[in-house]
Amino acid sequence: LGFVESSCRSRFFWMKLNKLLLQGKFFQLEIYDPYSGPVLLDEKLASRCGYVLSEDVWGNPVFRASVLGCHVANEADELFSLTVNIKVSSFSSMRAAVTYTYPMYCSYASWAPREIVCEENYMEVSVKTDVPAVSNDYTVAWMSALPETQNVAYQQWQLMFVSPSGRKRITVSDAVKLGYSFNNTLSRVYLRAPYHSNESDVSVVSGVNMNMITSTSMYRQRWLLLLIDTTVSCPVDGISFTNTTLTWTVPRVIPTLVVQESTFLSKSIVMGVDDQVIVNPEEMNYLLEYNETHIRITIPTGAEGGKLESSISGGVYGVIYCIDLFLEHTWTDADWQTTKYTVIKSITTPFMPQMPTVINNTVPEERLFNVAFGRFLPDVSLVEITVGNVPFSLREAQHHGFKIYETPFSNGTKAFILEVSFDDPYVLKEYVNRNETKYTLLVNYTLSVGLEMTLYYHSAEVECVIADIEVPEAVGSCDEENLYLTLPTFGLHQYWDLYLGNKLLNRHVALTNGYLAATNSTHLILQIPLFAGGLTYEEVSFQKIKARFDVALRKVRTMETLQMFSISCSFNSSAFIICHPDGTIMVSAQMKTVPAIDMSKTKLRDSSCKPREYNEAHAFFKFHVSTCGTSVRFEGDHIIYENEVSYEKETLPGESIPRITRDPDYRLTVLCYYQAKETLVLGAFSSDPATSLPFGSGTMFPRSNTGAYRRVRQALSVVSRVSKDEFFMEFYGPSMAILKQPMEPVFLEVELKDESPSVELYLENCWVAGSPDFNNTPRWNITVDG
């Protein structure tokens, strides 16, 4: 049959089926007995009859059978034959199966007086019956067996088991019901037993757990009384692993099998892989070593003869190494002359995580990402990639213009290579320095792993920074009433943005502040009127204003400030009102009465507040919102501060009633509007000096005598300070930076300076932020809800 290979290894039939030729098929094995016909092979039958059905490390079905197994034809304990029926079907129910009959023949004449086999699913001991049956050294087992012999039936084999629970004598037929198999051939007696039966015991020999069955086979016929020691002991562990090797340890001397240890002598120790003896283990990097107590085989992970296979555990990629080993140890001792001890072991390492690596082999000058992803075993394939959150099958990726291919390595592993152009639309581009762009390739790999084709996902981020962009330069200018900023539009909103303080300077902010914005094919032109929001007034004096407009050029993604653009101009203005963020109001009032009045005699509501400068046509006032009779009211989300410039008419001395004069009435109402959440912030912490508070907007108009009465609210004077300790004796200065650890206390003092008995101070919410902007984040709370 083309899909079957077989061999004879020592005392085993060894048959292998080709998985490729059975692909997509279902199969069953039957043992064909010439007398009773076919017997279906199942797990229970296998352990009792000396069969093993498993897979080799490559996934090929393997069948092994002891030459002393059930349904094996035996000629003089030298020639053995076994016929196996292989049933193959396309259906799991095995209907319409085709049966292939496969006979196997083995010869084995070099029997040792005692042979012990430790298979994967059974233990077997066979003893030559022409050796002295009872040792001169009467052990406990023998002594306990002798009294039982008088009860042994004539011409019938019986078994006696000795275990920690006591002695048990049973017939062969009863032993079969317990899963044992006992029989005799022309010159041998054998016992086959499953692991961990009720009659077995586990003992530790040289650090290795051994499953042991202590038994005596008894036969009585007239003058013949035959007692045969059929004790068997096999290792059930002894496997250890490191990151690079696996080690299999078997005891060299097993006390239950060697009664007189002083006479023990090893004759040969041979190892093998699958069904082949390894004559020179060192040539395959195997290490076979032994001492007085142990035999040890060490195999490097991934060594020839075994198989490395990929696996996924908990979403992590890793490998598993499998190898099928056997060990034959032949020794002599005074009791048994020669014992041949064979152990067959299929070993699989635990899951070993192997984190794949992403190697960036990109050459910036080529403007092409070259990314290697590996290393993987041949049983891993790439099925999909996601670039910039867009999934591509391999065919779609190639069609789009990505280049994907595999590269092999000398140790049998491979990597997947991905090439993507910097200019691909799915590559992220970010301006990072004065003349550099950072190109970022975000890729997510989807792999099919192992025979189970488990999907595995791995994401990677590859960056490359190259010099290919210039930072724009702005030009400023002024006319009689406006400031102008001209800026190249290349890269705007793609690499960088303009910010006014902490606000993005977009169309809405520009319109709100009264700016006019125009663009052509190359530049943005921003017109800022003299009294528009966002201006900083560096110098305000009588009929002269020096104003400055600041905008910051920041990176789009990181918000890092690249450059500050400032325009500063001086203006002559006959009438103006400026509302500073600290509550200072500056007013230049113009005389527009007929006849003219004396501008030096103008005043605010508080008659003690006189002009600081004046001439025939103008008067200049500078005062704080908390002084000079300034009133306050709230409208929506605005705070409005109001005062009035008026002319103080002359009266004659000593008379209480003013006389009628020709002086005209002069009243000019001054209003300052502030956003409620951005006005008069009393900061105890230093802020970024480059960030200025928004200015209020001012309005002047002549007062109408019919104006509606509005409730007046007094502006309060509140001062806050930060103490250096809990004693509040020494305080930080108003412009001093304060460094605090996350859990370190802050000692804050807030004082109400107003002396009115009807006013009380309640501290509601206090926090620290990076700027005086009420909406600025992140923020760290000091007090919440008082």
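**Exercise 1. Classify the salt bridge between D550 and R548 in this predicted model.**

Solution. Start with the pair itself. The side chains of D550 and R548 form a salt bridge, at 2.7 Å from N to O. Next, check burial. The cut-off for buried is under 20% relative accessible area. D550 has 17% relative accessibility, so D550 counts as buried. R548 has a relative accessible area of 23%, so R548 is partly exposed.

**Exercise 2. Find where K16 and D56 lie, and say what their salt bridge ties together.**

Solution. The contact comes to 3.4 Å, N to O, between the side chains of K16 and D56. K16 sits in strand β2, while D56 sits in the loop between β5 (51–55) and β6 (61–66), so the salt bridge ties together parts 40 residues apart in sequence. Now add accessibility. K16 is partly exposed at 25%. D56 is buried at 6%.

**Exercise 3. Trace the network of salt bridges that includes R11 and R192.**

Solution. The network links R11, E115, E124 and R192. Take one pair: E124 and R11 meet at 2.6 Å, N to O. This pair links distant parts of the chain, 113 residues apart: E124 is in strand β11 (residues 123–128), R11 in the loop between β1 (4–9) and β2 (12–17). E124 is buried, at 1% relative accessible area. R11 is buried too, at 1%.

Then turn to R192, in strand β15 (residues 188–193). R192 has a relative accessible area of 0%, so R192 is buried. A polar atom of the R192 side chain lies 2.7 Å from the backbone oxygen of L68.

**Exercise 4. Determine what the side chain of D229, a buried residue without a salt bridge, contacts.**

Solution. Place D229 in strand β18 (residues 224–229). Look for an opposite charge. The nearest such side chain is R114, 4.9 Å away. A salt bridge needs the atoms within 4 Å. D229 therefore has none with R114, given that 4 Å limit. Look for a polar partner instead. The side chains of D229 and T231 are joined by a polar contact of 2.7 Å.

**Exercise 5. Locate the largest nonpolar core relative to domains 2 and 3.**

Solution. The core has 84 residues, and I299, Y341, F369 and I385 touch the most other members. Strand β27 (residues 316–333) contributes the most, with 7 residues. Domain 2 (115–134 + 155–352) and domain 3 (355–466) both supply residues, so the core lies between them. Zoom in on F369. Beyond its neighbours within four places in sequence, the contacts of F369 include L418, F422, Y439 and V462. A second, separate core holds 36 residues, among them Y495, L526, L535 and M586.

Conventions:
Residues numbered from 1 in each chain as written. Predicted model: local features only at pLDDT ≥ 70, side-chain atom pairs only at ≥ 80, totals over all residues. Heavy atoms only, no water. Helix = DSSP H or I, 4+ residues; strand = E, 2+ residues; numbered from the N terminus. Buried < 20%, exposed > 50% of the residue type's maximum accessible area, 1.4 Å probe, protein only. Lys, Arg positive; Asp, Glu negative; His and termini not counted. Polar contact = N/O pair within 3.5 Å; in protein donor to acceptor, adjacent residues only side chain to side chain. Core = buried A, V, L, I, M, F, W, Y, C linked by side-chain atoms within 4.5 Å. Domains from an automatic or database assignment. Contact = heavy atoms within 4.5 Å.
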